[in-house]
Amino acid sequence: MVNAGAMSGSGNLMDFLDEPFPDVGTYEDFHTIDWLREKSRDTDRHRKITSKSKESIWEFIKSLLDAWSGWAVMLLIGLLAGTLAGVIDLAVDWMTDLKEGICLSAFWYSHEQCCWTSNETTFEDRDKCPLWQKWSELLVKQSEGASAYILNYLMYILWALLFAFLAVSLVRVFAPYACGSGIPEIKTILSGFIIRGYLGKWTLLIKTVTLVLVVSSGLSLGKEGPLVHVACCCGNFFSSLFSKYSKNEGKRREVLSAAAAAGVSVAFGAPIGGVLFSLEEVSYYFPLKTLWRSFFAALVAAFTLRSINPFGNSRLVLFYVEYHTPWYMAELFPFILLGVFGGLWGTLFIRCNIAWCRRRKTTKLGKYPVLEVIAVTAITAVVAYPNPYTRRSTSELISELFNDCGALESSQLCDYINDPNMTRPVDDIPDRPAGVGVYTAMWQLALALIFKIVITIFTFGMKIPSGLFIPSMAVGAMAGRMVGIGVEQLAYHHHDWIIFRNWCRPGADCVTPGLYAMVGAAACLGGVTRMTVSLVVIMFELTGGLEYIVPLMAAAVTSKWVADAFGKEGIYEAHIHLNGYPFLDVKDEFTHRTLATDVMRPRRGEPPLSVLTQDSMTVEDVETLIKETDYNGFPVVVSRDSERLIGFAQRRELILAIKNARQRQEGIVSDSVMYFTEEPPELPANSPQPLKLRRVLNLSPFTVTDHTPMETVVDIFRKLGLRQCLVTRSGRLLGIITKKDVLRHMAQMANQDPESIMFN
C-alpha cells in the first residue's frame, strides 16, 4: 500500500537536494579529491554561465569577468610573489652583514649599500669604508689582532644562534607547516591531496619572515625551494577570492601550478625555467591553458622583482657572468666527469639525508626540534667562520666561483703570477701560472666542500624553512672551480700535450675555471633533484651564459644517468615516501603481472563489502553504517542478493544530506526509508516520509572487471586522478580498489613494507 497523501504533498520537498546545500562537494583534511567530478562540475558551471550570458547585458559582462578572472589571479600572484621575493632578498643582505658589523650612517644598510653612500671609498679598498664598522671596532675600538678576531667570531656565532632560535620558535608556535622546503608537499597537493592550512595565510607570513632569518643565520640552506611554497600560498590566497577557484579543488590546482612557476621565476630570476620546472617537476595535471597562465604569472613576478632591483645591478639574475672564451670539444671530458660527481653526490645526499630524517622521526631526536636547530647552527657557525669561503653567504660564494678572473678582480682565486711584459686588452687575459693566493684558495675550497657536503645532510629537513638548490649548487661550484683551475694549470704547463696542442697555444686564454664551476653546480643540482630540461634552462637564465648550453646539457644528463643507476627517486620523491603521502608518481613504471582481483577489497576471509541498497535502508541503518566504518564512500546496489551496481555515494555527502534533511524537511525521522531511485518505493500507509538522495549518487562511478591487469588500473589511477574504482563481473559488484590499495600493492611488489607508505 503506497502512502499516496504523503507522496503527493511532499513531492517538491523530497527534491530539496536539487538546490545545492552548504559544504557539498568539499573534502575533508588528508583526503584525495575526485578529479573527474571536479572537471564535470566545472563544465556544468561553464555551460550555465554561457547559456545565461545570452539573456542580458549584465549576464554577458559577468561571463566576461569570469573568463578574465584566471588572468587576474595570475597578475595578483605575480605581483605579490615578486614583491615578497624582493623584500626577502634585501632583508637577507642586510641581516647577513649584520653578523659581521654595522653601518654607522644608517643601521639598515648592508655593507655594500653603506660603502656606496660613502664619499671616502676608493676602488681598491671598496670593501673598506669608515662608515662600516666591524663589531670589534665598535665595541673595543680594535680592528686587528687576536682579541678583535675573537670578539668578531663570538658576535658572528651569537647573531647566527639568535636568528636560528627566532626562526624555529616562530615556526613551532605559529605555523608548523612553514618548515622544510615545501616542494614535496606541493607535489602531493597538486596530485589531488588535501592538506588544510599548508597553504594558509599564517604559513605564508611565518615562512616569509623565518626564511629571512634562517638564510641570514648562515645555515647551509637556500631560499629557492621555500619561495615556491611562498608563491603557492599567494596562489591559494588569491584563488579563495574567486568562487570559480575557491569552490573547485581541480581548478584551484591549476592556479597552484602556475604559482609554482612564479616562485621559481623570482627565486632565480628565470621565468622560462620556472614554467618548465612547474611542468617537469611539480605539476600532476598541466593543461595547455595552465602553461600560458604560468608563463604570464612568471613574467609578472620577474618584472616586479626587476622593478625592486634587490641585487642593485639592474639585472634580474642572481649570478650574471660574462666569459670571454668559447669552450672546446676536449673540455667535454672534464664536464662529463663533473656530471658523474654530481650524480654520485646526489645519491649520497639522498641516502644519508633520508636515513637521518627517518632517525629523527623514529627516535627521541624528533621531540627536540629547537635544540636540534640550535646545535646545528652552533656547529655551522663555529666551523664556518675561520674559512672565508664558508663564512660568507652561499649566494655570494657561488657568485665568486662563477666569476671569470678579469684585470680588476681582487679575489684570492684570481691571484695569478702576471707577466710584466704583457700588453693586452683588459678582457682577454692569457692563462697564467697560479700564485700563492690560488693555492691557498684551493685548500680552503677543499675544506669548505667537505664541510658543505656533511652539514647539508643534517640541515635539510629540520623544523625551519630550508631549500636545497643553493647548497647543492655550492657543492658543485666548489668542485667545478677546483677542476677548472686544475685543467687551466695543466694546459698552461703542458700546452704541447696532444689534447691541448690543437686549441691551446702559449699566451692564449684557453680555459675558464668559472665555466667549470657553473657546470659543476648544474650537475650537483641535477643529481639531487633529477631535473634535466628545466635545470639547463634555469642555469643559463641564471648566469646569462647562453652559449654554454651544451656543456650544461652534457653534465645534467650524465648526473641524471649516474644517479638513476643507484635509485630512481629524487630528493622530493624520497621525502614524499618518507612522510607517507599518497602520491602516485607518473615516472614510476609498474611492470608486474597482477590482476584487479588480487588487489581489491574485500579479500578472501575478510567481511563482505559495506554497501547501501537503492530503496530498502532506513536513515538509522545508514547512520549506523557510517558510524561503524571509516570508509570515504559506499557503493549503492539494487539489493544485497543481486549485488547489481547502481552508483557510488560519498560518505561526507551522505552525512551532510541527512543532517540537512533533518533540519529542512518535515517528517524525516530515523525510520524514514532512504532511496536513490527516481520514483519512491512502495511503503505501508503509516510509514514515515521517505528521503530521496538521488542527487548525492554518482551514477557513473569508474569500474573495471576483476580480470583487468593492474598495470592498466595503475595507469587509470594516474591519468584520471581517481580516488577509488569499483570491480565488477557482468554488472555484479565484487569489490573496490582505492588509491591507497594501489600504493600498498606497488610497495609490496617492490619488496617494501606496504604499511610504510600510509600518511603519518
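This dialogue examines how disulfides, burial, salt bridges and strand pairing are assigned in a predicted model.

Trainee: What makes Cys103 and Cys114 a disulfide?

Mentor: Their sulfur atoms are 2.1 Å apart, and a pair of cysteine sulfur atoms within 2.5 Å is called a disulfide. The pair therefore qualifies, as 2.1 Å is within 2.5 Å. It is one of 3 disulfides in the structure.

Trainee: Why is the disulfide of Cys103 and Cys114 called right-handed or left-handed?

Mentor: The torsion about its S-S bond is about 80°, so the disulfide is right-handed. Because Cys103 belongs to strand 1 (residues 101–103) and Cys114 to helix 5 (residues 111–117), the pair ties together parts that are 11 residues apart in sequence. Cys103 and Cys114 are both buried.

Trainee: How do you know that Cys115 and Cys129 form a disulfide?

Mentor: The sulfur atoms of Cys115 and Cys129 are 2.2 Å apart, and the cut-off is 2.5 Å. The S-S torsion of this pair is about -70°, so the disulfide is left-handed. Cys115 is in helix 5 and Cys129 in the loop between helix 5 and strand 2 (132–134), so that the pair links distant parts of the chain, 14 residues apart. Both Cys115 and Cys129 are buried.

Trainee: What is the handedness of the disulfide between Cys405 and Cys414, and why?

Mentor: The torsion about the S-S bond of Cys405 and Cys414 is about -85°, so this disulfide is left-handed. The S to S distance is 2.0 Å, and both Cys405 and Cys414 are buried.

Trainee: Why is no bond assigned between Cys234 and Cys233?

Mentor: The closest cysteine sulfur to that of Cys234 is in Cys233, at 6.9 Å, which is too far for a bond. The limit for a disulfide is 2.5 Å. For Cys524, the closest cysteine sulfur is in Cys352, and that distance of 14 Å is also too far for a bond. Cys234 has a relative accessible area of 0% and is therefore buried; Cys524, with a value of 0%, is buried as well.

Trainee: What makes Arg45 and Asp42 a salt bridge?

Mentor: The N to O distance between their side chains is 3.3 Å, and the criterion is a side-chain nitrogen of Lys or Arg within 4 Å of a carboxyl oxygen of Asp or Glu. The criterion is therefore met, since 3.3 Å is within 4 Å. Both residues lie in helix 3 (residues 35–52), 3 residues apart, about one turn of the helix.

Trainee: Why is Asp42 called buried or exposed, and how is Arg45 classed?

Mentor: Buried means under 20% relative accessible area. Asp42 has 16% and is therefore buried, whereas Arg45, at 23%, counts as partly exposed.

Trainee: What makes the pair of Lys251 and Asp42 a tie between parts of the chain?

Mentor: Their side chains meet in a salt bridge at 3.9 Å, N to O. Lys251 lies in helix 12 (residues 249–268) and Asp42 in helix 3, so the pair ties together parts that are 209 residues apart in sequence. Both Lys251 and Asp42 are buried.

Trainee: How are Glu59 and Lys62 placed in helix 4?

Mentor: They are 3 residues apart, and therefore separated by about one helical turn. Their side chains meet in a salt bridge at 3.7 Å, N to O. Glu59 has a relative accessible area of 17% and is buried, while Lys62, at 39%, counts as partly exposed. Elsewhere, salt bridges that share partners join Asp42, Arg45, Asp66, Lys251 and Glu254 into one network. The whole structure holds 25 salt bridges.

Trainee: Why is Ile61 called partly exposed?

Mentor: Its relative accessible area is 35%, and partly exposed covers values between 20% and 50%. Ile61 lies in helix 4 (residues 57–98). A nonpolar surface patch of about 800 Å² includes Ile61, together with Ile57, Trp58, Phe60, Leu64, Leu65 and Trp68.

Trainee: How do you know that strand 5 and strand 6 pair?

Mentor: Pairing requires at least two bridges, and strand 5 and strand 6 (residues 645–650) have 5 bridges, in the antiparallel sense. The bridge partner of Pro635 in strand 6 is Phe648. Strand 3 (residues 612–613) runs parallel to strand 5, joined by 2 bridges; there Thr613 stands opposite Val637. As for burial, 5 of the 5 residues of strand 5 (residues 633–637) are buried.

Notes. Residues are numbered from 1 along each chain as its sequence is written. This is a predicted model: local features need pLDDT of at least 70, side-chain atom pairs count only at pLDDT 80 or more; totals for chains, interfaces and linings use all residues. Side-chain values use heavy atoms; hydrogens and water are left out. Patches are made of residues with over 30% relative accessible area and no salt bridge: like charges are joined within 9 Å, nonpolar side chains (Val, Leu, Ile, Met, Phe, Trp, Tyr) within 5 Å. Accessible areas come from the Shrake-Rupley method with a 1.4 Å probe; for residues, only the protein chains shown count as cover. Helices (H or I, at least four residues) and strands (E, at least two) are DSSP runs, numbered from the N terminus. Buried means under 20% relative accessible area, exposed over 50%, partly exposed in between (1.4 Å probe, protein chains only).
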